[in-house]
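Q: Could you take a close look at a single part of this model, for someone who has not met it before? I would like to follow how its pieces sit against one another.

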Amino acid sequence: NLSPMATIAGALSLCVANRGDNIIVGPGHAESVSSAGFITVATAGVTILGQGRGSLRPTLTWTATAGTILHTVTTGANTTWKNFIFSLTGIDAVTVGLTCAAAGVTFEDCKFVTSTTAIVALKGMSLAATANDFTMRRCLVKAGVTTANTTTFLEVVGTDGLVIEDCVMSGYFTTSLGAISNTG
């Protein structure tokens, strides 16, 4: 379907698993992640490609503490997000912004913002033991406050085949955990 959709979730609903479908998201597109499972990636083999540079990249901003983007274990495998801004700073104390149980999920050329002066996300992303072959390439993670901090950006719970390549993770995280925490 080549008709424009208003939301990423709407576009995902038109995709067919493992067909190589691409969702192209225009520059300046913005959505508020306002509920748990706000976007549930349940179609395998889809690439979600953001257009634009710098602050004109598509931006997803969390506006609910329980808001999440989910990659489901049985149907959301082998999906890729490219060139997005994920801002977990629309509301204080986001529990976990993104959760991934599917294998083969990739984030490339994305920016993740987990804190500002007054707003701090507790955890950026959590990978289940089934999220094997997870990849992050050329991504920037910013957690910038000094008085409070993000517990950890990436919680890894027994994932195999994890690749973190050419990424920068800067800011303040809980000292005992750091930007990446392996709990499994």
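A: Helices (H or I, at least four residues) and strands (E, at least two) are DSSP runs, numbered from the N terminus. The model is a predicted one, in which local features need pLDDT of at least 70 and side-chain atom pairs count only at pLDDT 80 or more, while totals for chains, interfaces and linings use all residues. Residues are numbered from 1 along each chain as its sequence is written, and side-chain values use heavy atoms, with hydrogens and water left out.

The part to follow is the largest nonpolar core, a set of buried Ala, Val, Leu, Ile, Met, Phe, Trp, Tyr and Cys residues joined through side-chain atoms within 4.5 Å. This core has 41 residues, and those touching the most other members are Leu60, Trp81, Phe86, Phe107 and Phe112. At least two core residues come from each of several elements, including helix H1 (8–12), strand S1 (22–25), strand S5 (59–62) and strand S14 (140–143). In soluble globular proteins, nonpolar side chains tend to be buried together.

Phe86 gives a way into this core, since contact (heavy atoms within 4.5 Å) links Phe86 to Leu60, Trp62, Ile69, Trp81, Leu98, Phe107, Cys110, Lys111, Phe112 and Val113, once residues up to four places away in sequence are set aside. Among these, Phe112 is also the bridge partner of Phe86 in S11.

Strand S11 (residues 111–115) has 4 of its 5 residues buried, so the rest of the structure largely encloses it; buried means under 20% relative accessible area, exposed over 50%, and partly exposed in between (1.4 Å probe, protein chains only). Two strands pair if DSSP finds at least two bridges between them, and S11 runs parallel to strand S8 (residues 85–87), to which 3 bridges join it. S11 is also parallel to S14, through 4 bridges, and there Lys111 stands opposite Leu140.

Strand S5, one of the elements that supply the core, also holds Thr59. Thr59 counts as buried because its relative accessible area is 18%. Beyond its neighbours within four places in sequence, Thr59 is in contact with His29, Ala30, Glu31, Ile85 and Ser87.

For contrast, the loop between strand S6 (69–71) and strand S7 (80–82) contains Asn78, which is partly exposed at 47% relative accessibility. Asn78 also has a positive phi of about 60°, although it is not a glycine.
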